[in-house]
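Welcome! Please take a look at the sequence and the model shown here, and then follow along as we walk through them together.

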Amino acid sequence: MPVRALGLFFMVLLAITVSEATLAVGALLVFALLLLPAAIAHQVTSRPYTALALAAGLAVIMTWLGITIGFYTGYPSSVCISLVAFVSYVAVVGGSRVGEWATVKRSADIP
Amino acid sequence: MNVIVAGVLPPFTLNLWQDISAMLQYDFMRQALLVGTILSVVAGLVGYFVVLRHQAFAGESLSDVAFTGALGGAALGFNPLASLLGTTIVVAIAMGGFGERLRGRDVAVGTVLAWQQHGGCRCARLVSSSWCCWRSP
């Protein structure tokens, strides 16, 4: 299995994706749309195909909501997409971390 | 606190279907939603592997390099889209060539990134003021 070659090919694929996405949504939003849905999917599930579908679906839903909110409030669309993505990331990942912390804390009090 | 809002906002009734159909009758909105959908699917799929491989810093630096590459190409006279793609691919190959040793080279990548952003600001000045760096103005 050519691991080095696959790693290099993946970096080139990432470069092509980032450059094409920069043309469409700007250089600052690419980072948000690339990582936040994938981080949410990584937190929620551990099955690869489910997480892939969830990441793609979440990214599409975030984009639609962001563009709609941008249409009705007048802010640039990248701002609204980033806002939706960040709020959902904080809600899901932050909520799960707080839930883990609360569960561990409560079970540590049992003698 | 001043909130900057667009001059003329579309009417927001509480009839959801009417709002969405009013939004979709603009050509640029349909185009934006179509482009956004295709782009989000690809970004979600590629981003999942970026998260798994802990290469978030590489993705962030690639987007900054894209900005600098486009401006540098425009300052030098090339087509900015071609220079965008070319610069990003070259930097990605340079990063991928390190393999797993990228984790120890955060400082080197960050230094190159700072130089790239400085170069991008200079190229933005070159492009916006139509002042060429090798010809007398």
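Let us begin inside helix 2 of chain A, where L29(A), V30(A), A32(A), L33(A), L34(A), L35(A), L36(A), P37(A), A38(A), A39(A), I40(A) and A41(A) are buried. Buried means under 20% relative accessible area, exposed means over 50%, and partly exposed is in between, using a 1.4 Å probe and protein chains only. Helices (H or I, at least four residues) and strands (E, at least two) are DSSP runs, numbered from the N terminus. Helix 2 of chain A covers residues 27-44, and its 18 residues should span 26 Å at 1.5 Å a residue; the end C-alpha atoms are 27 Å apart, which agrees. The expected span of a helix is 1.5 Å times one less than its number of residues.

A word on the ground rules: this is a predicted model, in which local features need pLDDT of at least 70 and side-chain atom pairs count only at pLDDT 80 or more, while totals for chains, interfaces and linings use all residues. Residues are numbered from 1 along each chain as its sequence is written, chains are lettered from A and ligands numbered from 1 in the order in which they are written, and side-chain values use heavy atoms, leaving out hydrogens and water.

**Three buried residues of chain A**

The table below introduces them.

| Residue | Place | Relative accessible area |
|---|---|---|
| S19(A) | helix 1 of chain A | 1% |
| A59(A) | helix 3 of chain A | 0% |
| T63(A) | helix 3 (residues 48-73) of chain A | 2% |

What does T63(A) touch, not counting residues up to four places away in sequence? The list is L33(A), I81(A), G36(B) and S40(B), where contact means heavy atoms within 4.5 Å. Leaving aside neighbours within four places in sequence, A59(A) is in contact with L33(A), P37(A), S40(B) and G44(B). L33(A) and S40(B) thus appear among the contacts of T63(A) and among those of A59(A). A59(A) also lies 31 Å from P2(A), C-alpha to C-alpha, with their positions 57 residues apart in sequence. S19(A), with the same four-place rule, touches L84(B), L85(B) and T88(B).

**Where the two chains meet**

Those contacts belong to a wider picture: 43 residues of chain A are in contact with 52 residues of chain B. The area buried between the chains is about 4100 Å², and carbon and sulfur atoms give 80% of it. On the chain A side, M11(A), F71(A) and Y72(A) lose the most area to chain B, together 17% of what that side buries. Buried area here is the accessible area (1.4 Å probe) that two parts lose on being put together, summed over both. How many salt bridges are there between chain A and chain B? The count is 0.

**A nonpolar patch on chain A**

On the surface, M1(A), V3(A), L6(A), F9(A) and L13(A) make a nonpolar patch of about 580 Å². Patches are made of residues with over 30% relative accessible area and no salt bridge, with like charges joined within 9 Å and nonpolar side chains (Val, Leu, Ile, Met, Phe, Trp, Tyr) within 5 Å. One of its members, L13(A), lies in helix 1 (residues 3-25) and is partly exposed, with a relative accessible area of 35%.

**A closer look at chain B**

Chain B has 5 helices and 0 strands, so to speak in the order α-α-α-α-α from the N terminus on. Of its 137 residues, 34% are buried. Among contacts in chain B between residues at least 6 apart in sequence, 55% join residues at least 24 apart. The chain exposes about 8800 Å², with carbon and sulfur atoms supplying 68%; accessible areas come from the Shrake-Rupley method with a 1.4 Å probe, and for residues only the protein chains shown count as cover.

Over all chains, the count comes to 1 salt bridge, meaning a side-chain nitrogen of Lys or Arg within 4 Å of a carboxyl oxygen of Asp or Glu. The side chains of R30(B) and D27(B) form a salt bridge at 3.4 Å, N to O. Side chains of opposite charge can pair when their charged atoms come close. Both R30(B) and D27(B) lie in helix 2 (residues 27-52) of chain B, 3 residues apart, about one turn of the helix. An α-helix has 3.6 residues a turn, so residues three or four places apart point the same way. R30(B) is partly exposed at 42% relative accessibility, whereas D27(B) is exposed at 52%.

Finally, why is helix 3 of chain B described as largely enclosed by the rest of the structure? Because 15 of its 21 residues are buried. This helix, residues 56-76, should span 30 Å at 1.5 Å a residue, and its end C-alpha atoms are 30 Å apart, which agrees. After helix 3 of chain B comes G77(B), whose phi is positive, near 105 degrees.
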